[in-house]
Amino acid sequence: MINIVTPMRTLVLHFLVLVSIAEAQVPRFAIHELATDLKGGYQVVVADVNGDGKPDLIALASGIPDLVWFENPTWKRHVLGAGFNRMINCAFEVVDGKPFVVLAHEFNNEASKSIGIVSVLIPDGDPTLPWKAREIDRIPTSHRIRAFKLDGKTVFLNTPLTAGDARPPDYRGHVPIVYYRPGAWKRELISTEEEGVLHGVWIEGPDSFLTASFVGIHRYAFTKKGWIRTELTPGDPSPWPKSGSSDVAVGGGLVAAIEPWHGSQVVVYDSAGKRRQIIDSSMTDGHTIQVADLNANHHTQIIAGYRGAGGGLNLYDRVKGEWLRTVLDPKTPTAACVVADLNKDGRLDLACVGATSFKWYENLGGPDNGTPRQ
């Protein structure tokens, strides 16, 4: 069972499980709905916005003008930035003691209609009051914004969805991948080798990230010779524009992907991008994927969400070599999830957003209390 926690009452939801919970080691979750009015909910970011040492949550929704955040542990709602149109992604980082948010807005997935503004937000005193915003760049379809370490320094990555002159349905063209250094905020080019729709980005660690696009999953690594791009897998072998990958996550010795773009497939590869295995093909408009050891027992699970056909959130657990699915939330359109220990109890939680809903899935531990499988 999953507990559904609302401000008015506590409900109990019976959910579909394709195997016994004890066998699959699926944790119990208390579901806390933090907001129901985030029209176009698209991204969640874990960030200590007020600097008190607790992980807060930024919830970005494309259909509202305010970038909002929820303060841990009360989950009080604040406005981080106001007056934006069609926000699509942001990243938070503290650099030399100063917090920054880099935000992509004025987005449209048709390049000819996308302004693609990138702005930096900086607090003006009290971090619970709206931050000051300044435009730093314009690239059509600016889409994924991520912070990562490049040569020991924090930078902000910007991967547009398509080339500036791309047109549906094929979206032919090369996509620029750029980054910004805090302070200078000048565009610096990494590559224009990606093609078609570049939908997914995964930060592997310092100097390395993965992209998921129509031409598959690629690793970008910064070396003494500059940026090196390496194919991990071509992804779905179907003809363009149904080829490649849409979203990617890495952990526990595996690579997990949603394929193709906004696709129905949850796909697993080994760490080298080999041995492609489709473990689910039932999703509609798949849009987010994560990997995590939810029971803290060195056993990796996959979390995937989709937006179509009423939406949903699934968990996949490997039992005796087979991937088995548990439906964690059967009717909530899910555009994005993050994994983090939000209440500092030693268990990884989920926070997900989609449509108008924003939820914290509090990990209460497995029925077997997280003991390793025999």
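User: How many cavities of 30 Å³ or more does the structure hold?
Analyst: The structure holds one cavity of 30 Å³ or more. Keep in mind that this is a predicted model. The space in the largest cavity comes to about 40 Å³, and a cavity is a space where a 1.4 Å probe fits but cannot get out.

User: What makes a residue part of the lining, and which residues line the largest cavity?
Analyst: A lining residue has an atom within 4 Å of a grid point. Those of the largest cavity are Thr332, Pro333, Thr334, Cys352, Val353, Gly354, Ser357, Phe358, Lys359 and Tyr361. Strands β29 and β30 (357–365) each supply at least two of them. The largest share, four residues, comes from β30.

User: How does the lining of the largest cavity divide by class?
Analyst: Five residues are nonpolar, four are polar and one is charged. Tyr counts as nonpolar and Gly as polar under the scheme used.

User: Why is the link between Cys337 and Cys352 called a disulfide?
Analyst: The two sulfurs are 2.1 Å apart. The cut-off is within 2.5 Å, so Cys337 and Cys352 form a disulfide. The count by this rule is one disulfide.

User: What is the handedness of the link of Cys337 and Cys352?
Analyst: The link is right-handed, with 110° about the S-S bond. It joins distant parts of the chain, 15 residues apart: Cys337 sits in strand β28 (residues 336–340) and Cys352 in strand β29 (residues 349–354).

User: Are Cys337 and Cys352 buried or exposed?
Analyst: Cys337 and Cys352 are both buried. Cys90, by contrast, is in no disulfide. The nearest cysteine sulfur to Cys90 belongs to Cys337, 16 Å away.

User: Why is Cys90 called buried?
Analyst: Its relative accessibility is 2%. Buried means under 20%, so Cys90 qualifies.

User: What is the volume of the largest pocket, and which residues lie nearest its centre?
Analyst: The largest pocket holds about 810 Å³ of space. Its lining has 29 residues, and Val44, Arg146, Trp202, Gln290 and Val338 lie nearest the centre. Two or more lining residues come from each of β4 (41–47), β8 (89–95), β12 (144–150), β16 (198–205), β20 (247–251), β24 (286–292) and β28. By class, the lining has 20 nonpolar, five polar and four charged residues.

User: What is the volume of the second largest pocket?
Analyst: The second largest pocket has about 260 Å³. Of its 16 lining residues, Tyr42, Ser62, Arg86, Ile88 and Phe107 are the closest to its centre. This lining divides into six nonpolar, eight polar and two charged residues.

User: How many helices and strands does the protein have?
Analyst: The secondary structure comes to one helix and 30 strands.

User: How do you know whether the protein is as compact as a globular protein of that length?
Analyst: Set the radius of gyration against the globule rule. The radius is 20 Å, and the rule gives 21 Å for 374 residues. The two are close, so the protein is as compact as a globular protein of that length. The C-alpha trace spans about 50 × 50 × 40 Å along its principal axes.

User: What share of the residues in the protein is buried?
Analyst: Buried residues make up 56% of the 374.

User: What share of the contacts with a separation of 6 or more joins residues 24 or more positions apart?
Analyst: Such pairs account for 45% of those contacts. A contact here needs heavy atoms within 4.5 Å.

Definitions and conventions. Residues numbered from 1 in each chain as written. Predicted model: local features only at pLDDT ≥ 70, side-chain atom pairs only at ≥ 80, totals over all residues. Heavy atoms only, no water. Buried < 20%, exposed > 50% of the residue type's maximum accessible area, 1.4 Å probe, protein only. 1 Å grid on protein atoms, 1.4 Å probe; cavity = no way out; pocket = protein on both sides within 12 Å on 5 of 7 lines; lining within 4 Å. Points joined across faces, edges and corners; volume = space filled by probe spheres on them. Rg over C-alpha atoms; globule rule 2.2 N^0.38 Å.
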